[in-house]
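Here's a quick report on one chain, going from its overall surface to a sheet, a helix pair and a single residue. Have a look at the model first.

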Amino acid sequence: MLQNIRDNSQGWIAKTIIGIIVVLMAFTGIEAIFQAATHNNDAAKVNGEAISQNELSQAVDMQRRQLMQQLGKDFDASLLDEKMLRESALKGLIDRKLLLQGAENSKFAFSEAALDQVILLTPEFQVDGKFSPERFDQVIRQLNYSRLQFRQMLAQEMLIGQLRAGLAGSGFVTDGQVLAFARLEKQTRDFATLNIKADLAAVKLTDEEVKTYYDEHAKEFMTPDQVVIDYIELKKASFFDQVSVNDEELQALYQKETANLAEQRRAAHILIEVNDKMTEAQAKAKIEDIQARLAKGEKFEALAKELSQDPGSANNGGDLGYAGPGVYDPIFEKALYALDKDQVSAPVRTDFGFHLIKLLGVEAPAIPSFASMKDKLTRELKTQQVEQRFVEATKQLEDSSFEASDLAQPAQDLKLTVHTSAPFGREGGDGVAANRAVLAAAFSPEVLDEGANSTAIELDPETVVVLRAKEHRKPEQLPLESVAASIRVQLAKEHASAAAKTKADELIASLRDGKAPLAGQSWKAMHAATRAQEGVDPTVLQALFRMPKPEAKDKPTFSSVTLADGTVVIVRLDSVNEAAAPSEEEKAQYRRYLASRIGQQDFAAYRKQLESQAEIKRF
């Protein structure tokens, strides 16, 4: 029963779960995607099932953080389009809901035992290669999950993964398709190129042409819309020196944290399933027979390897490894914790059948000393106080700023300093001006036009600012003198590239008419170029493999490509070389690739079908 789960855990299940955990761990501190809460407003409904505004907000936040992580710390967050993020996140949530409904309607399911096994085998929950309840609790607590919430989320991901694997793994490819793909994939081409460079020096521009271009593109030559802001910044870190804790509080927290440390028990079991092939009575009789054989002196490990119907543990003599409370089925766990070391239980009935359980060992938790934990406990207690003070100060800052006509009074009330930014435009700037929320506030009608203070803006979980516009620098026309040089460069490049293209077209026409190439032309030839040929510009390579096959050896085909610097490349296709028949190993590789691609297409089509048949309401 559990062998398939163990096998799958090495494949798509493990990748799915580990992927989820790694991504979520990167965003420690955000709320759980499906944290239970009451919301009056829904973002959407999918066949009557609601997607809350809270779920959408959390999905948008996660998507934003994923993009920031992928694009690097130097990426300008202000460039992210909030509307596009929202639309993308909502589509993802709707797709997820549709797939869950599809999986449930198709009767896909995972048992509690399967979930147990995946959790036990997930590396992120292990310490020194063994499942650690403390590590498990630590990880899901960082994600703001309870054990129940995490299991629910995990079950949903496994259902979607099972559905995806079932559809994506069903792709079928014929021998003809494999051979046709291999023929195209392995095809090579003999070709030559001739570069017609854009001669910028040959272009003569008049002042009138520059002036005409300037007039026709006047909107492109404007100073940016810029603003200078005053702002005050409230930092959570500034409160740490203002709070203190005593030894009594530290001792209380120490006792609370160490009380949660639980012992781990190493269990082994022999399972006889109750299923459509074995009735309850038959399974009970068989487990009692095994119990009798144990009583006569036979080894538990040998009987588990011979008779247990849990292959995932049977090969190890029934050994399930160490685990703490809350991992196993409650009935199984109760029986396990009633045993002494090396003792075997009476038959235990669970949803899966009858078990004989043996306690192989007990590991008492290592209780850290108070001294070793004191710094950590101090930080935790101080953090709680600082959090409360920060919330109160943020509220005071917002109220004071709302009532004041400038930032001087709020700054004085909270003993803060008023800072002034450098000018920045709607695309953002340095420091606080790189924050999208700051940009939105700085250019809002309330701040920019009405001269009001902004609301409190969270730069990050540790920092809040309030700002007001100090100076608005509206767009103005740049004088021709300041942009004439850049206009000349642009026009020279355009004219030179157009001249090179005309020359290339004339040369291609001449070559197609059978005329001999002009003296001094330097063709660069290459034989047997592949679709991934190194040393060839990708634009040229793409054009090459789109060109029609020459009608004869002495009648090459021609095309041209304009590169980014204005150079025009004439491409001469001399011949197309058909590939040898693929080997059996190559055919197998192509078949797997094509089947995977077809399977992915089938899954995408299935998802599209679910969407077309669903009743989806967006609010």
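## Surface and overall make-up

About 34,800 Å² of the chain is exposed, and 51% of that comes from carbon and sulfur atoms (areas by the Shrake-Rupley method with a 1.4 Å probe; for residues, only the protein chains shown count as cover). Of the 619 residues, 39% are buried (under 20% relative accessible area; exposed is over 50%, partly exposed in between, with a 1.4 Å probe and protein chains only). The chain holds 21 helices and 18 strands, taken as DSSP runs numbered from the N terminus (helices H or I, at least four residues; strands E, at least two). Take contacts (heavy atoms within 4.5 Å) between residues at least 6 apart in sequence: 74% of them join residues at least 24 apart.

Keep in mind that this is a predicted model: local features need pLDDT of at least 70, side-chain atom pairs count only at pLDDT 80 or more, and totals for chains, interfaces and linings use all residues. Residues are numbered from 1 along each chain as its sequence is written, and side-chain values use heavy atoms, leaving out hydrogens and water.

## A three-stranded sheet

One open sheet has 3 strands in the order β2-β1-β18, paired antiparallel (two strands pair if DSSP finds at least two bridges between them). Its edges are β2 (49-52) and β18 (616-618), each pairing on one side only. From one strand to the next, the twist averages 20 degrees. Strand β1 (residues 42-46) is tied to β18 by 3 bridges, and K45 sits opposite K617 of β18.

Helix α4 (residues 82-105) packs on this sheet and touches β1, β2 and β18, with its direction at about 35 degrees to that of β1 (axes are lines fitted to C-alpha atoms, for helices over the stretch in contact; angles run from 0 to 180 degrees between N-to-C directions).

## Where α4 meets α7

The axes of α4 and helix α7 (residues 147-168) come within 9 Å and cross at roughly 75 degrees. That makes the two helices roughly perpendicular (65 to 115 degrees). On the α4 side, the contact uses R96, L99, L100 and A103; α7 brings M153, Q156, E157, L159, I160 and L163. By type, the contact residues split into 7 nonpolar, 1 polar and 2 charged (nonpolar: Ala, Val, Leu, Ile, Met, Phe, Trp, Tyr, Cys and Pro; charged: Asp, Glu, Lys and Arg; polar: the others, Gly among them).

## D602

D602 belongs to helix α21 (residues 584-613). With a relative accessible area of 34%, D602 is partly exposed. D602 and G169 lie 433 residues apart in sequence, yet 9.6 Å apart in space, C-alpha to C-alpha.

Technical notes. Parallel < 35°, antiparallel > 145°, perpendicular 65-115°, else oblique.
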